[in-house]
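Hi,

Here is the model I promised to pass on. Have a look, and my notes follow underneath.

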Amino acid sequence: AELGSPLYLYGRDISAQSEGIESFRQKITVRLQQSGFSGTFSTSLLGRHQVENAALAIMTAKLLAEGDPRISLSAMETGMKQTVWPGRFEVFPGSPPIVVDGAHNPDGARTLRAALDEVFPQASIVFVFGVLADKDIAGVIRELFRPRDRIILVKPHSVRAAAPEAVAKLLSGHQAEIAASLESGLERARLLARETEANQIICISGSLYLIGGARQILRNWTKE
């Protein structure tokens with residue numbers, strides 16, 4: 001503002017709403033007040049927070065398009081459609097569906113839980129969880145887990161990893177168990193999800209170190 005640059009605010013100059021989720025894709029309608037623009041875009045990015053992110057991205061693209069004709073509406077639609085964010089509410093479809101998210105602090109955990117409740121409102125969740133010792137573990141636990149969740153604790157591949165036994169002590173009142181490895185933890189989660197209620201999902205979270213290895217295992221599973 002001090003440099004005389006225009007300021008655009010979400011909720012005042014930009015608005016957006018989700019039109020629903022189908023086949024793990026979200027349709028988002030974006031409206032820009034000043035130009036009167038309105039458009040609906042499809043994206044693999046799920047959750048209410050991604051509605052706001054999409055609106056800001058489209059607003060930025062529209063402003064840049066004023067000086068670059070290559071940034072057409074079609075280009076914006078294609079960009080939104082092809083956008084992927086590995087490890088951020090990344091869904092591996094299947095039975096059960098598996099969500100991979102690198103949330104590792106209380107804010108990220110709160111956002112992840114809200115997205116889980118929004119996208120899978122009636123699901124029971126089996127978590128595979130591993131975290132680094134220097135994180136706010138109690139804060140993440142408080143925001144992420146509910147009493148009915150099943151939690152399998154594993155150790156991320158890092159010298160800074162928290163021991164699952166230490167994390168388990170913070171999970172009093174939760175249904176938690178410890179797995180010897182990430183792969184065995186994922187196998188255990190899959191077994192629990194398939195043996196219990198039909199409406200089950202698996203969520204892998206707690207550390208970016210954890211989800212890197214998890215994504216490789218999941219890609220191998222899809223080849224089976």
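Let me start with H3, where Pro106, Ala109, Leu112, Arg113, Ala115, Leu116 and Val119 are buried (under 20% relative accessible area, with over 50% being exposed and anything in between partly exposed; 1.4 Å probe, protein chains only). Helices (H or I, at least four residues) and strands (E, at least two) are DSSP runs numbered from the N terminus. Before you read on: this is a predicted model, where local features need pLDDT of at least 70, side-chain atom pairs count only at pLDDT 80 or more, and totals for chains, interfaces and linings use all residues. Residues are numbered from 1 along each chain as its sequence is written, and side-chain values use heavy atoms, leaving out hydrogens and water.

H3 covers residues 106-119, and its buried residues pack against S1 (14-22), H1 (48-65), S5 (98-100), S6 (124-129), H4 (137-144) and S9 (200-205). Contact here means heavy atoms within 4.5 Å.

Now the cores, meaning sets of buried Ala, Val, Leu, Ile, Met, Phe, Trp, Tyr and Cys residues joined through side-chain atoms within 4.5 Å. The largest nonpolar core has 28 residues, of which Phe89, Leu116, Phe129 and Val167 touch the most other members. H3, S6, H4, S7 (150-153) and S9 each give two or more residues to this core, and the largest share, five residues, is from H3. There is also a second, separate core of 21 residues, including Leu192, Ile211, Leu218 and Trp221.

One last residue: Arg215 sits in H7 (residues 208-223) and is buried at 18% relative accessible area. Beyond four places in sequence, Arg215 touches Pro86, Gly87, Glu90 and Val100.

Cheers

Conventions
The expected span of a helix is 1.5 Å times one less than its number of residues.
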